[in-house]
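Grab a coffee and open the viewer. Here are a few exercises to work through, each with a solution that goes step by step.

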Amino acid sequence: LYPPGTYTARLDYNVNRLQDNLQGVQGISRPFPVQITLASERVTIASNLPEVIRGNPFTVTITGVPGGEYYLWVRNTGTMTGEPGSQPPLITLNQEGVRMDPVDGPYTIGAYPISTRQGVTIREDVPSAPSNGTRYYALVVLPGTGTRTVQWQTSSATDDRRYTIQVERTSAGRVSSDDISVQVVRGSVSIVAGPGRFFYLGEQVVLSGTNTESDTTYLFMTGPNLPSSGGSLTNPRVPVITGLPDTFTQVPVDIDNTWEYSWQTGNLGIDAGSYTVYVVSAPNSRNNLQNTRFSTTPITFARPFVTATIPRTVVARGDPVEITGTSTGNPSPGVAIWVFGINRFMFATVPVSSDNTFSYKLSEGETAALATGQYYTVVQHPGYTDTLDIYPDPYRQLVLSAYPTPGSVLFRVAGPGALMSSQAADALITALNSPFIDDTYTAMSFLLVNPQISLTPPVNVTVGDRITLSGTTNLAPGNLLLVEVTSESFGPTPKDQRGAFSGVSGTATVREGPDGVNTWSFVFDTASFIPDTYVVRVSAVTVSDALATTTFILNAVPPTPTPTPPPTTLPPTVPTTLPTPVPTTTTGLPGLLVPAAIGLLLLLYGMRRRKT
């Protein structure tokens, strides 16, 4: 009459308006509605996943009669052994409403005769291992809703194939059953060995990848003269054993099926060479990889090394000494710097940057306090073990070694019987060359000398010339020199007289020159100078005891001579012929003027003759 489903029932009593009349009467209330589920005798089963990557769980949901008991098992798997590679999915333990037979019996649930195979019980339709087959079947009790979900678990031991999950109930001689197919497929594992596959022993190598096959990733490695089955990444010479997870390097798989392992390659006890890293979904060695997901990656290790240089092998006292170099293998203690001189020993460790470079500097003040002479330097790398196997004691009195026992004394560097200079350096190098010491090194030296400055005096210079002072020095390029040019006339002057002093001062920068002979120069103008003898003083700004002096004469400008004008030449004079006077007869006063005019003409003629 009614199809299966959930219904809501409510009692109404309104005859003669009884329900309305009783409303509000104390102690009497309207009944609450109730839900009623009508179930079918038919049972159904559904899975949340049609395909499962082994190593992951899946669920089935049973729908049937509320409160009904249903047998659930993985059908037609009785020919499987239950061993890894021949094992069906297992029912997850301790689920509500899911009853299972005890491992050691009695097997009342497993004794149920199945309808699909005449005379065969559930226990005979499933494998007998593990747990005596009790993980492959159960009796599921449905709640009032008529629905219950049951979880199954797969692993790397689960065979990859299609499985049929059956549910069945017998009531009043009638059998209700249903089944669902679930495909279990193999997962995969992968590995990536960080950027590039060439590493120096001692470096940290980041291994990562995916694993859809299991919750744990198992790692081991193979290589020259390592166990044929493989060795763990932390102790490669000890073989891994199938079925013993602790012999492998284990890495948990994250919820997104990825994994990552930071591999410290120092102190592995292996040499440089080519190796293979295996990543496996189960604790199986290289000799037992059948039916096991795995992947490999090749990896090559090289021996760590150190290189170093000193840019200037001849250094003036007061100049810094810088040691720069490259150190591979990312040594955690850094590199050790040993410096040996006459009656002097210095030791320091310096870190190595991410780009494998390092630097060490003896400051200006430190070299200024050192005596001149040859200094021998050794830069030590900690090697494969990432530990400095040769080191000084805390008081800088002894040089110690980790072999044959930690703290073994090699030689003394201070006090009675101490080795000095080249002897101490040779003893250290001999110890580092021992086959029992894996540390490596590089050696060099530098010569510490007194600072020097040379100066060439100018000659034949005159007031107004531009003068260039120049010279050479063993100070490092970049040093500043103070140049002072002072007139010898400089001195006390009465305040009512003008001083006769002139000069100039400034700085010059040392420039790099050939063969370590560096140069400097300083230019100044003498237009405002007075003729005099000048003292030149050149000194280093930051280095004491670096000084050069000289003098030069600045001549006066000679006076300019006044030019003599050339003589003036007059043109020749032409004689003037006077006209013969014509006598004129006059009377009175005009007659008197004639003789006067003649006399005046004669006078003028005589004066002109005298001038010529």
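**Warm-up: the whole chain**

Among contacts between residues at least 6 apart in sequence, what percentage joins residues at least 24 apart? While you're there, collect the overall numbers for the chain.

*Solution.* Step one: the share is 69%. Keep in mind that this is a predicted model. Step two: count the elements, and you get 4 helices and 37 strands. Step three: look at burial, where 40% of the 612 residues come out as buried. Step four: turn to the surface. The chain exposes about 33600 Å², and carbon and sulfur atoms supply 54% of that area.

**Exercise 1: helix 3, end to end and side to side**

Check the length of helix 3 (residues 421–432) against 1.5 Å a residue, then work out how its buried residues are arranged around the axis.

*Solution.* Start with the length. Helix 3 has 12 residues, so at 1.5 Å a residue the expected span is 16 Å. The C-alpha atoms at its ends are 17 Å apart, which agrees.

Next, list the buried residues of helix 3: Ser421, Ala424, Ala425, Leu428, Ile429, Ala431 and Leu432. They cover an arc of only 160° around the axis, so they sit on the same side of helix 3. Now flip to the other side of the helix, where Gln423 and Thr430 are exposed.

Last step: what do the buried residues of helix 3 pack against? The partners are strand 23 (335–341), strand 26, strand 27 (390–392), strand 29 (408–412) and strand 30 (440–449).

**Exercise 2: a glutamine in strand 26**

Is glutamine 380 buried or exposed? Find its side-chain polar partner and its contacts beyond the neighbours within four places in sequence.

*Solution.* First, place the residue: glutamine 380 belongs to strand 26, which runs over residues 373–381. Second, read its relative accessible area. That value is 0%, so glutamine 380 counts as buried, the cut-off being under 20%.

Third, look for the polar partner. The side chain of glutamine 380 makes a polar contact of 2.9 Å with the side chain of tryptophan 338. Fourth, widen the search to other contacts. With neighbours within four places left aside, glutamine 380 touches Val335, Ala336, Trp338, Leu388, Asp389, Ile390, Leu432, Asp439, Thr440 and Tyr441. Leu432 is also one of the buried residues of helix 3.

**Exercise 3: three salt bridges**

How many salt bridges does the structure hold? Take the pairs aspartate 179 with arginine 75, arginine 117 with aspartate 125, and arginine 312 with aspartate 319, and sort their members by burial.

*Solution.* Side chains of opposite charge can pair when their charged atoms come close. The structure holds 9 salt bridges.

- Pair one: aspartate 179 and arginine 75 meet at 3.4 Å, N to O. This pair links distant parts of the chain, with aspartate 179 in strand 12 (residues 174–185) and arginine 75 in strand 6 (residues 69–75), 104 residues apart. Aspartate 179 has a relative accessible area of 34%, so it's partly exposed. Arginine 75 is at 18%, so it's buried.
- Pair two: the closest N and O atoms of arginine 117 and aspartate 125 are 2.7 Å apart. Arginine 117 is partly exposed at 35% relative accessibility, whereas aspartate 125 is buried at 0%.
- Pair three: arginine 312 and aspartate 319 meet at 3.7 Å, N to O. Arginine 312 counts as partly exposed at 21%, and aspartate 319 counts as buried at 1%.

**Exercise 4: backbone oddities**

Which residues do the cis peptide bonds before proline 106 and proline 404 involve, and where do asparagine 76 and arginine 396 lie?

*Solution.* Begin with omega. A cis bond with omega of about 0° joins glycine 105 to proline 106, and proline 106 lies in the loop between strand 8 (98–99) and strand 9 (137–141). Another cis bond, also with omega of about 0°, joins tyrosine 403 to proline 404. Proline 404 lies in the loop between strand 28 (398–401) and strand 29.

Then check phi. Asparagine 76 has a positive phi near 55° though it isn't glycine. You'll find asparagine 76 in the loop between strand 6 and strand 7 (90–91), partly exposed at 40%. Arginine 396 has a positive phi near 55° as well. Arginine 396 sits in the loop between strand 27 and strand 28 and is partly exposed at 34%.

Notes. Residues numbered from 1 in each chain as written. Predicted model: local features only at pLDDT ≥ 70, side-chain atom pairs only at ≥ 80, totals over all residues. Heavy atoms only, no water. Helix = DSSP H or I, 4+ residues; strand = E, 2+ residues; numbered from the N terminus. Buried < 20%, exposed > 50% of the residue type's maximum accessible area, 1.4 Å probe, protein only. Polar contact = N/O pair within 3.5 Å; in protein donor to acceptor, adjacent residues only side chain to side chain. Contact = heavy atoms within 4.5 Å. Expected span 1.5 Å × (residues − 1). Arc of directions from axis to C-beta. Areas by Shrake-Rupley, 256 points an atom, 1.4 Å probe, with all protein chains shown as cover. Salt bridge = Lys/Arg side-chain N within 4 Å of Asp/Glu carboxyl O.
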